[in-house]
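Trainee: Could you take me through one part of this structure slowly? I would like a close look at the nonpolar core and what surrounds it.

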Amino acid sequence: MNKKAIFLDRDGTIIRDKVYLNDPAGVEFFPGAAETLAEFHRAGFLLVVVTNQSGIARGLVTEENLKAIHEKMQSLLKVHGVAIDAFYHSPHAADSDHPMRKPNPGMLILAAQEHRISLAESFMIGDKPLDVEAGQRVGAKSILLSPTYQASGCKPDYVAANLPVAANWILKR
C-alpha cells in the first residue's frame, strides 16, 4: 500500500531561515510549526523534509552540522510527540541543474521510492516558487507559504500565510 506524505521545505517553512544555518543552536521553529507537524502525523501523513543546501557546496555549511541540525529538530519535535520521517538534502550549488536540487524533483522521487509514497496523494509545502515547481513536477499538490504572495508565473494549488493555515486547507480535503 502506498502512503501519503507532506513534503516540506525546511528553511522559511518549518524553521526560520537563518541563511546558511550551520549551528544546531540556531534552529528556531515558526510558531505553530511543531503542533502542525503533529497534526499531519495524526492524520496519517509521512513527514519528509526536502531541502536545498547550497551552503555545503559553498563551504559555509558542513554535512556534519547539517546532520546535527536535523537531530536538533527531531529532539525539539519529540516534545510534541512527532518526528520527521525522513530528511533529504541537495548539497549542490544554486546554479546547478542537478536532478536532486529543487525545482528538480529528485528528492521527492527518491523519497517516494524509498518510503512507498503515492505522490498523487501527497503535498509539497514551501516558501519559494521552486518548491511549488518540484511538487508539481511529480503530480503532488503544491502549497506556497507567502504572507505577501504576488503572482510570478508560479501557480500553486493554494497560497497560505503560514504552515498552520496550509494544514487547515490540507486537512479539510
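Mentor: Happily; here is a walk from the sheet into the core. Please keep in mind that this is a predicted model, in which local features need pLDDT of at least 70, side-chain atom pairs count only at pLDDT 80 or more, and totals for chains, interfaces and linings use all residues. Residues are numbered from 1 along each chain as its sequence is written, and side-chain values use heavy atoms, with hydrogens and water left out.

Let's begin with the framework. The chain has 6 helices and 6 strands, where helices (H or I, at least four residues) and strands (E, at least two) are DSSP runs numbered from the N terminus. Those strands form an open, parallel sheet in the order β3-β2-β1-β4-β5-β6; two strands pair if DSSP finds at least two bridges between them. At the edges are β3 (86-90) and β6 (158-160), each pairing on one side only. In general, strands of a sheet pair through backbone hydrogen bonds, either parallel or antiparallel. Here, β1 and β4 run parallel and are joined by 3 bridges, and I6 stands opposite F123 in β4.

Now for the helix on top of this: α1 lies across β1, β2 and β4, running at about 130° to β2. Such angles run from 0 to 180 degrees between N-to-C directions, with axes being lines fitted to C-alpha atoms, for helices over the stretch in contact.

That brings us to the core itself. A nonpolar core is a set of buried Ala, Val, Leu, Ile, Met, Phe, Trp, Tyr and Cys residues joined through side-chain atoms within 4.5 Å. Buried means under 20% relative accessible area (1.4 Å probe, protein chains only), and 46% of the 173 residues of the chain count as buried. The largest nonpolar core holds 30 residues, of which I6, I14, L37, F40, I125, I143 and I170 touch the most other members. Among the elements that give two or more residues to this core are β1 (5-8), α1 (33-42), β4 (123-126) and α6 (163-171). Apart from it lies another core, of 17 residues, including L46 and Y88.

Finally, zoom in on I14. Leaving aside neighbours within four places in sequence, I14 is in contact (heavy atoms within 4.5 Å) with L8, D9, E28, F29, F30, A33, L37, V49 and M73. One of these partners, L37, is itself among the core residues that touch the most other members.

Notes: Buried < 20%, exposed > 50% of the residue type's maximum accessible area, 1.4 Å probe, protein only.
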